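Please open the structure in a viewer and keep the selection tool at hand. The tour below proceeds stop by stop, stating what to select and what is found there.

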Amino acid sequence: MGLPMATRLAGAFRIIGYDPLPASREKAEQTGVRCAASAADAVADAGIVLLAVRDAAQVESVLFGEHGIAAELAPGAVVVMTSTVGLGAVAAWTARLAEQGVALVDAPLSGGPVRAGDGDLLIVVGAEPRALDTARPVLERLASTLTVVGTKAGDGQALKTVNQLLCGVHIAAAAEALALADALGLDRRQTLAALEAGAASSFMLSNRGPRMVEGYDDDDVQVLSRLDIFVKDLGIVGNAARAAGLAAPVAAAAEQLFLLGQVQGLGTADDSAVIKVLAPRRRTTEEDTDGAQIPR
């Protein structure tokens, strides 16, 4: 997500990027995004710093680790955190940054790398108004839908947690439905088209469904959202539900499906590959009432 966001922003702002992987920096340079040799160099004199990392541990490391950037930020700077990391440490990060006059804008996003490059992301924001005003031009460049859900960092994470509950459950449900269609001898593509036209349709069915069908015939499906991301995100959902004293049995069931996929080596595959947890191979035969195998 980081590179398409940087590319999109470079069309309107002066951007200096950094990635710990040299290959990623080289790829960014090839797209016209200027890269620094270190994170500290990238944020020197920056008024807005945008973080696109995987999880809370990486946020902690980037901000306050051995080579953390927090010490390099000038008073008045704003850190825009775009990752889904849960509520756990957000208040502590906000307080530590505030000690040096730096604000944290909690802005988790969704939509995938293609939509990131097009400025078509959904971004939900929790931030104090002054920090939001500073960051808004950057956020509006990236988002087609920008929703301010609260005035403190953490509010964005809360809504994104709810969003990821539904996204994870919908992907798992789509996989289960298409696996059942296949097991019943139905044509998967025809089934998907019929479901999309009716009340059972959903964004995730339409978005992941074609890749689920394609994945049976091609192991090289483009990875638009890794399966292990939903292991992380549904873990965040479960932690939030438990902390709130709320049962979330459907989310828990979906989480187990993604965990099984990760254990089976599908963690770095597209999350549509979760269908292979339910049905590892495409059905090509079915049994008649006498037990004979009938080719399909």
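Begin by selecting Leu-159 in this predicted model. Leu-159 has a relative accessibility of 35% and therefore counts as partly exposed, since that class lies between the 20% limit for buried and the 50% limit for exposed. The residue belongs to helix H8, which spans residues 155-183. Add Val-149 and Val-162 to the selection: with Leu-159 they form a nonpolar patch on the surface, and together the three have about 210 Å² of accessible area.

Now display the whole protein. Its secondary structure comprises 13 helices and 10 strands. The radius of gyration is 21 Å, close to the 19 Å that the globule rule gives for 296 residues, so the protein is as compact as a globular protein of that length. Along the principal axes, the C-alpha atoms fill a box of roughly 80 × 50 × 35 Å. Of the 296 residues, 42% are buried.

The next stop is a group of parallel strands. Select strand E3 (residues 48-51) and strand E4, which pair in the parallel sense over 4 bridges. Leu-50 has Val-80 as its bridge partner in E4. From E3 the chain passes through helix H4 (residues 56-64) to reach E4, in a right-handed β-α-β crossover.

Which way do the side chains of E4 point? Val-78 and Val-80 point one way and Val-79 and Met-81 the other, and all of them are buried. In a regular strand, side chains alternate between the two faces of the sheet.

Extend the selection to strand E5 (residues 103-106). E4, at residues 78-81, pairs with E5 in the parallel sense, again over 4 bridges. Val-79 has Leu-104 as its bridge partner in E5, and Met-81 has Asp-106. Helix H5 (residues 90-98) joins E4 and E5 in making a right-handed β-α-β unit. Within E5, Ala-103 and Val-105 point to one side, Leu-104 and Asp-106 to the other, and all are buried.

Move next to Asp-45, in the loop between helix H3 (39-43) and E3. Most residues other than glycine have a negative phi. Asp-45 is not a glycine, yet its phi is positive, at about 65 degrees. Is this residue buried or exposed? Its relative accessibility of 83% means that Asp-45 counts as exposed.

The last stops concern charged side chains; the structure holds 10 salt bridges. Select Asp-271 and Arg-208, whose side chains meet in a salt bridge at 2.8 Å, N to O. This pair links distant parts of the chain, 63 residues apart: Asp-271 lies in the loop between helix H12 (249-266) and helix H13 (275-278), and Arg-208 in helix H10 (residues 203-217). Asp-271 has 0% relative accessibility and counts as buried, and Arg-208 is buried with a relative accessible area of 7%.

Asp-270 and Arg-211 form a further salt bridge, at 3.0 Å, N to O. Asp-270 lies in the loop between H12 and H13 and Arg-211 in helix H10, so this pair ties together parts that are 59 residues apart in sequence. Asp-270 counts as buried at 3%, and Arg-211 counts as buried at 11%.

Finally, select Arg-226 and Asp-228, which meet in a salt bridge at 2.6 Å, N to O. Arg-226 counts as partly exposed at 34% relative accessibility, whereas Asp-228 is buried at 8%. Add Arg-54 to complete the view: salt bridges with shared partners join Arg-54, Arg-226 and Asp-228 into one network.

Definitions and conventions
Residues are numbered from 1 along each chain as its sequence is written. This is a predicted model: local features need pLDDT of at least 70, side-chain atom pairs count only at pLDDT 80 or more; totals for chains, interfaces and linings use all residues. Side-chain values use heavy atoms; hydrogens and water are left out. Buried means under 20% relative accessible area, exposed over 50%, partly exposed in between (1.4 Å probe, protein chains only). Helices (H or I, at least four residues) and strands (E, at least two) are DSSP runs, numbered from the N terminus. Two strands pair if DSSP finds at least two bridges between them. A crossover is right-handed if, with the strands pointing away from the viewer, the path from the first strand over the helix to the second runs clockwise. Patches are made of residues with over 30% relative accessible area and no salt bridge: like charges are joined within 9 Å, nonpolar side chains (Val, Leu, Ile, Met, Phe, Trp, Tyr) within 5 Å. Accessible areas come from the Shrake-Rupley method with a 1.4 Å probe; for residues, only the protein chains shown count as cover. A salt bridge is a side-chain nitrogen of Lys or Arg within 4 Å of a carboxyl oxygen of Asp or Glu. The radius of gyration is taken over C-alpha atoms; the globule rule is 2.2 Å times the number of residues to the power 0.38.
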